[in-house]
Amino acid sequence: MGVNVTDSDKTQEEEQQDLPKVVLFRPPPAFSLIGEESFASNKFHFLKTYDSQLPLDQFLSTHSHSIKAILSSGGAPVNADILQLLPEVGVVVTTSAGLNQIDIPECRRRGIKIANSGNVYSADVADLAVGLLIDVLRKVSAGDRYVRQGLWAAKGNYPLGSKLSGKRAGIVGLGNIGYEVAKRLEAFGCFVSYNSRKKKPYVSYPFYHDVCELAANCDALIICCGLSDETRHMINKQVLSALGKEGVIVNIGRGAIIDEKEMVRCLMQGEIAGAGLDVFENEPNVPQEFFAMDNVVLSPHRAVFTPESLKDLSQLVVGNLEAFLSNKPLLTEYVDSE
């Protein structure tokens with residue numbers, strides 16, 4: 001006599017096998033920082049290519065018809081070669097603030113939607129951008145080292161820093177993050193202007209179509225845009241020269257937006273006054289020349305990471321994936337870049 005297997009008789013593993021699959025090519029940093037369980041759902045199941053011994057193309061081909069979505073994080077490309085192996089994928093959800101790892105035109109061509117991190121990181125990144133700027137101008141980290149090394153007692157007072165209020169702040173990329181930076185700097189009494197792909201109708205800040213012209217008319221240049229073919233090494237020798245000997249640069253976007261070798265040269269030769277950097281061109285490798293510079297403040301690409309924002313991120317990621325699998329609008333669909 002046969003045995004009828006009901007839903008209640010299924011094991012947890014069997015139930016997971018029945019769920020739509022979301023593929024991951026590398027573990028998002030948030031998994032280790034707040035726990036993978038924060039991203040769990042009873043509506044989908046994660047497939048991790050990095051846990052399999054199979055070659056990537058073989059793994060994807062084996063599971064291609066059950067994989068409905070991709071959970072992407074920085075450093076793992078989602079390109080045409082990957083997407084052609086996954087004909088059932090309808091959405092790419094990213095945990096990163098930037099989208100440079102995703103082939104956006106190819107997704108558009110295939111009708112694949114993209115969900116980004118929305119405003120989850122904006123406040124935290126803006127806070128750090130302003131913090132880096134204050135640190136560079138007021139020599140906070142350099143002064144801390146001076147005190148810890150006993151130099152205050154041995155050599156006397158440390159050189160003066162510069163005030164933030166009244167500075168002309170130029171923002172490159174007035175998207176979600178750039179706008180949050182602008183609001184904070186405005187509250188500090190700075191004069192804000194910006195460069196972006198197009199003029200923003202909702203702000204009255206002066207707009208510069210040319211980033212070199214923006215740099216020539218500001219004391220601090222703050223990089224808030226995403227990395228693309230158009231923005232790679234956009235901050236080059238000409239822009240840094242326009243910023244000038246009294247100018248400082250802050251980068252919380254992507255390292256490759258600045259020509260790093262040229263920035264190192266400008267700093268070493270005193271052609272710009274200082275830099276506050278959360279991102280670098282070849283992470284985690286950082287130019288060693290920076291280590292001896294008291295006018296450079298370094299941060300290990302942590303602008304987006306606070307426990308509060310990561311909790312919000314986990315809810316947003318799950319919400320986007322569940323919305324897509326339920327044929328509902330995505331919570332934070334990517335429409336256009338800054």
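This section describes the domains, sheets and selected local features of a predicted model.

Residues are numbered from 1 along each chain as its sequence is written. Local features need pLDDT of at least 70, and side-chain atom pairs count only at pLDDT 80 or more, whereas totals for chains, interfaces and linings use all residues; side-chain values use heavy atoms, with hydrogens and water left out.

The protein is divided into two parts. Domain 1 covers 7-120 + 307-325, and domain 2 covers 122-298. These bounds come from an automatic or database domain assignment. The centres of domain 1 and domain 2, taken over C-alpha atoms, are separated by 34 Å. Domain 1 gives 7 residues to the contact and domain 2 gives 5 residues (contact: heavy atoms within 4.5 Å). About 530 Å² is buried between domain 1 and domain 2, with 34% of it on carbon and sulfur atoms. Buried area here is the accessible area (1.4 Å probe) that two parts lose on being put together, summed over both. Across this interface the rule finds 0 salt bridges (salt bridge: a side-chain nitrogen of Lys or Arg within 4 Å of a carboxyl oxygen of Asp or Glu). It does find 4 residue pairs in polar contact across the interface of domain 1 and domain 2, both residues at pLDDT 80 or more. A polar contact is a pair of N or O atoms within 3.5 Å; within protein, one must be able to donate a hydrogen and the other to accept it, and residues adjacent in sequence count only if both atoms are side-chain atoms.

Helices (H or I, at least four residues) and strands (E, at least two) are DSSP runs, numbered from the N terminus. Two strands pair if DSSP finds at least two bridges between them. One open sheet has 5 strands in the order 2-1-3-4-5, with parallel pairing. Strand 2 (45-48) and strand 5 (113-115) stand at its edges; each has a single partner strand, so one side of each lacks a neighbour in the sheet. The twist averages 25 degrees from one strand to the next. Angles run from 0 to 180 degrees between N-to-C directions, and axes are lines fitted to C-alpha atoms, for helices over the stretch in contact. Strand 3 (residues 67-72) and strand 4 (residues 91-94) run parallel, joined by 4 bridges. I70 has V92 in strand 4 as its bridge partner. Helix 3 (residues 56-63) lies across strand 1 (21-24), strand 2 and strand 3, at about 150 degrees to strand 2.

Another open sheet has 6 strands in the order 7-6-8-9-10-11, and its pairing is parallel. Its edges are strand 7 (191-195) and strand 11 (296-298); a single partner strand serves each, so one side of each has no neighbour in the sheet. Neighbouring strands of this sheet are turned by 15 degrees against each other on average, direction ignored. Strand 6 (residues 168-172) pairs with strand 8 (residues 220-223) over 4 bridges, in the parallel sense. I171 is matched with I222 in strand 8. Helix 12 (residues 260-268) lies across strand 9 (248-251), strand 10 (274-277) and strand 11, at about 140 degrees to strand 10.

The structure holds 12 salt bridges. One of them joins K68 and E88, with the closest N and O atoms 3.5 Å apart. This pair links distant parts of the chain, 20 residues apart: K68 is in strand 3, and E88 is in the loop between helix 4 (80-83) and strand 4.

Two backbone features follow. A cis peptide bond joins E283 and P284, with omega about 5 degrees. P284 is in the loop between strand 10 and strand 11. K139 is not a glycine, yet has a positive phi of about 60 degrees. K139 is in the loop between helix 6 (122-138) and helix 7 (140-148).
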